[in-house]
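Here are my notes on the model you sent, set out as numbered points. Please read them with the structure open beside you.

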Amino acid sequence: MSYHVFYNSNKEIAWSTNADVSDQIKTEQADAGFSYVHTDLVDLPTPDSHYVNDAGDTVLAKTAFTPTFSTVRPDVDDVINVTGLPAGTKVYLDDVLQGAMSDTTLTLTTQEPGSYRIKFEKLDKLTYWQKIVTEKQS
């Protein structure tokens, strides 16, 4: 089905419709700060389930990702392998951005005992958290 989609500067959908949209409506929405894209999709694009791509030329469905951890209770100096991460995923350790994934596997080495919160974020739309508890070497 063909949809008219209006979205904000963060590529978040403000509203969409499959009804006719006049040039006047497009102008009014542009004046309100919304950009426009016309696209074909199976489902109505909603803010909860879709976003506009970086180029602003199509709408994509949000998909969940669930990484796999080799362990979440490592000893000090153990290696943790995390797989199933889309390239471009941002990695945060205790809410501090560490960088973005260039590959789909992340390798971490635990150096200090303690509890850490790892957050993965893709496209500022999808987020996954995992708590890692490092114990002293046995």
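1. I would begin at Thr89, where a polar atom of the side chain lies 2.5 Å from the backbone oxygen of Pro86. Please keep in mind, here and in every point below, that this is a predicted model. Thr89 belongs to the loop between β7 (79–83) and β8, and it counts as buried because its relative accessibility is 0%, where the cut-off for that class is under 20%. Once residues up to four places away in sequence are set aside, Thr89 touches Phe65, Gly99, Ala100, Met101, Phe120, Glu121 and Lys122.

2. Lys122, one of those contacts of Thr89, deserves a point to itself. Lys122 is found in strand β11, which covers residues 114–122, and although Lys122 is buried, it has no salt bridge. The nearest side chain of opposite charge is that of Asp54, which is 7.8 Å away, whereas a salt bridge needs a nitrogen and a carboxyl oxygen within 4 Å. What the side chain of Lys122 does reach is the backbone oxygen of Ala87, at 2.7 Å. Leaving aside neighbours within four places in sequence, the contacts of Lys122 are Phe65, Pro86, Ala87, Gly88 and Thr89, so that Phe65 appears in the contact lists of both Lys122 and Thr89.

3. How many salt bridges are there by this rule? The count comes to three, and they can be taken in turn. In one of them, Lys119 pairs with Glu121, with the closest N and O atoms 3.9 Å apart, and both of these residues are buried. Glu121 is also among the residues that Thr89 touches, which ties this pair to the first point.

4. A salt bridge also joins the side chains of Arg117 and Asp95, with an N to O distance of 2.8 Å. This pair links distant parts of the chain, since Arg117 is in strand β11 and Asp95 is in the loop between β8 and β9, 22 residues apart. Arg117 counts as partly exposed because its relative accessibility is 32%.

5. The side chains of Lys26 and Asp23 meet in a salt bridge as well, at 4.0 Å from N to O. Both residues lie in helix α1 (residues 23–31), three residues apart, which is about one turn of the helix. Is Asp23 exposed or buried? With a relative accessible area of 59%, Asp23 is exposed, while Lys26, at 27% relative accessibility, counts as partly exposed.

6. The largest pocket holds about 300 Å³ of space and is lined by 16 residues, of which Leu93, Leu108, Thr109, Thr110 and Ile118 lie nearest its centre. The elements that give two or more residues to this lining are β8 (90–93), β9 (96–100), β10 (105–109), β11 and β12 (126–134).

7. Finally, I would look at Thr109, one of the residues nearest the centre of the largest pocket. Thr109 has its place in strand β10, and it counts as partly exposed because its relative accessibility is 45%. Not counting residues up to four places away in sequence, Thr109 touches Asp77, Asp78 and Val79. Thr109 and Asp94, which are 15 residues apart in sequence, are 15 Å apart in space, C-alpha to C-alpha.

Key:
Residues are numbered from 1 along each chain as its sequence is written. This is a predicted model: local features need pLDDT of at least 70, side-chain atom pairs count only at pLDDT 80 or more; totals for chains, interfaces and linings use all residues. Side-chain values use heavy atoms; hydrogens and water are left out. Helices (H or I, at least four residues) and strands (E, at least two) are DSSP runs, numbered from the N terminus. Buried means under 20% relative accessible area, exposed over 50%, partly exposed in between (1.4 Å probe, protein chains only). Lys and Arg count as positive and Asp and Glu as negative; His and the chain ends are not counted. A polar contact is a pair of N or O atoms within 3.5 Å; within protein, one must be able to donate a hydrogen and the other to accept it, and residues adjacent in sequence count only if both atoms are side-chain atoms. Contact means heavy atoms within 4.5 Å. On a 1 Å grid over the protein atoms alone, a cavity is a set of points where a 1.4 Å probe fits but cannot get out, and a pocket is an open set with protein on both sides within 12 Å along at least five of seven lines; lining residues have an atom within 4 Å of a point. Grid points are joined across faces, edges and corners, and a volume is the space filled by probe spheres set on the points.
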